[in-house]
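Me: Please take a close look at one part of this protein for me. I would like to know what packs against what around the first helix, and how that region connects with the rest of the chain.

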Amino acid sequence: MGGFNEDFFIDAIDIEWCSRAWGTGWSVWLGDGITMTHRLGKGVIHLPFGLRLTDQPPERLYTYFRNQIVMLRLPYVSAAWKLRFIASLPARCFIYGVRYRFAGPVITAISLGIIDGLLNRLGSRPAHTRSHPRPLSSGRV
């Protein structure tokens, strides 16, 4: 099964690993009595009906959208997870756009994250910080 997929760099590493574990017959357990201080992004965006979305800066929006798109093609990620993400994708893009008043860096990060995800471009260097394209990943995904 292996360790974490380092090509994912920062976002969805745990989801990808758990999906891989479930796909090979392992169980994944949650230790809900364990305290872990952890801060995601810049806080939380509170939505109607008690829904919440992590408030992320552009560089994290890039890796979030890129990695979620890449996970759509992984055979061991559940169909339910894939459908839920696909169904929520337009709303997530819109909510982040509104949250940041459709600022250029946010629209660029989301757009390039989706494009790089579709092209299977992974790694630690976000596309919106590059001055020239880099080759596709090693194909380990």
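Reply: What follows starts with the first helix and its surroundings, then moves outward.

This is a predicted model, in which local features need pLDDT of at least 70, side-chain atom pairs count only at pLDDT 80 or more, and totals for chains, interfaces and linings use all residues. Residues are numbered from 1 along each chain as its sequence is written, and side-chain values use heavy atoms, with hydrogens and water left out.

Start with helix α1, residues 13–23. Helices (H or I, at least four residues) and strands (E, at least two) are DSSP runs, numbered from the N terminus. Six names make up the buried list in α1: Ile-13, Glu-16, Cys-18, Ser-19, Arg-20 and Ala-21. Buried means under 20% relative accessible area, exposed means over 50%, and partly exposed lies in between (1.4 Å probe, protein chains only). The cover over these buried residues includes α2.

Glu-16 belongs to helix α1. Its relative accessible area is 1%, so Glu-16 is buried. Setting aside residues up to four places away in sequence, Glu-16 touches Asn-5, Phe-8, Met-71, Leu-74 and Tyr-76. Contact here means heavy atoms within 4.5 Å. Just after α1, Gly-25 takes a positive phi of about 95°.

Now the segment before α1. Ala-12 lies there. Ala-12 counts as buried because its relative accessible area is 9%. Leaving out neighbours within four places in sequence, Ala-12 contacts Asn-67, Gln-68 and Met-71. Met-71 is also among the residues touched by Glu-16. The C-alpha atoms of Ala-12 and Tyr-64 are separated by 7.1 Å, although these residues are 52 apart along the chain.

A salt bridge joins the same segment to α2. The term means a side-chain nitrogen of Lys or Arg within 4 Å of a carboxyl oxygen of Asp or Glu. The structure holds four of them. In one, Arg-60 pairs with Asp-11, with the closest N and O atoms 2.8 Å apart. Arg-60 lies in helix α2 and Asp-11 in the segment before α1, so the bridge ties together parts 49 residues apart in sequence. Arg-60 and Asp-11 are both buried.

Aromatic pairs come next. Rings of Phe, Tyr and Trp (its six-membered ring) pair if their centres lie within 6.5 Å; planes under 30 degrees apart count as stacked, over 60 as edge-to-face and the rest as tilted. The count by this rule is six pairs. One of them reaches α1: the rings of Phe-4 and Trp-17 have centres 6.2 Å apart and planes at 65°, so the pair is edge-to-face. This pair links distant parts of the chain, with Phe-4 in the segment before α1 and Trp-17 in helix α1, 13 residues apart. Phe-4 is exposed because its relative accessible area is 53%. Trp-17 has 25% relative accessibility, so Trp-17 counts as partly exposed.

Another pair is Phe-65 with Tyr-96, also edge-to-face: 6.2 Å centre to centre, 80° between the planes. Phe-65 sits in helix α2 (residues 58–71) and Tyr-96 in helix α3, so far along the chain that 31 residues separate them. Phe-65 is buried, at 0% relative accessibility. Tyr-96 is buried too, at 3%. Both belong to one aromatic cluster, formed by Tyr-64, Phe-65, Trp-81, Phe-85 and Tyr-96.

From α3, a second bridge leads back toward α2. Arg-99 forms a salt bridge with Asp-55, the closest N and O atoms being 2.8 Å apart. Arg-99 is in helix α3, while Asp-55 is in the loop between β2 (52–54) and α2, 44 residues apart. Arg-99 is partly exposed, at 38% relative accessibility. Asp-55 is buried, with a relative accessible area of 5%. Arg-99 also lies over the face of Tyr-100, at 4.9 Å from the ring centre. A charge sits over a ring if NZ of Lys or CZ of Arg is within 6 Å of the ring centre and within 35 degrees of the ring normal.

One further salt bridge joins Arg-121 and Asp-116, with the closest N and O atoms 3.2 Å apart. Both residues are buried, Arg-121 and Asp-116 alike.

Finally, the surface. Phe-102 is in the loop between α3 (79–99) and α4 (104–118). Phe-102 is partly exposed, with a relative accessible area of 46%. Together with Phe-94, Val-98 and Ile-107, Phe-102 makes a nonpolar surface patch of about 380 Å². Patches are made of residues with over 30% relative accessible area and no salt bridge: like charges are joined within 9 Å, nonpolar side chains (Val, Leu, Ile, Met, Phe, Trp, Tyr) within 5 Å. Accessible areas come from the Shrake-Rupley method with a 1.4 Å probe, and for residues only the protein chains shown count as cover.
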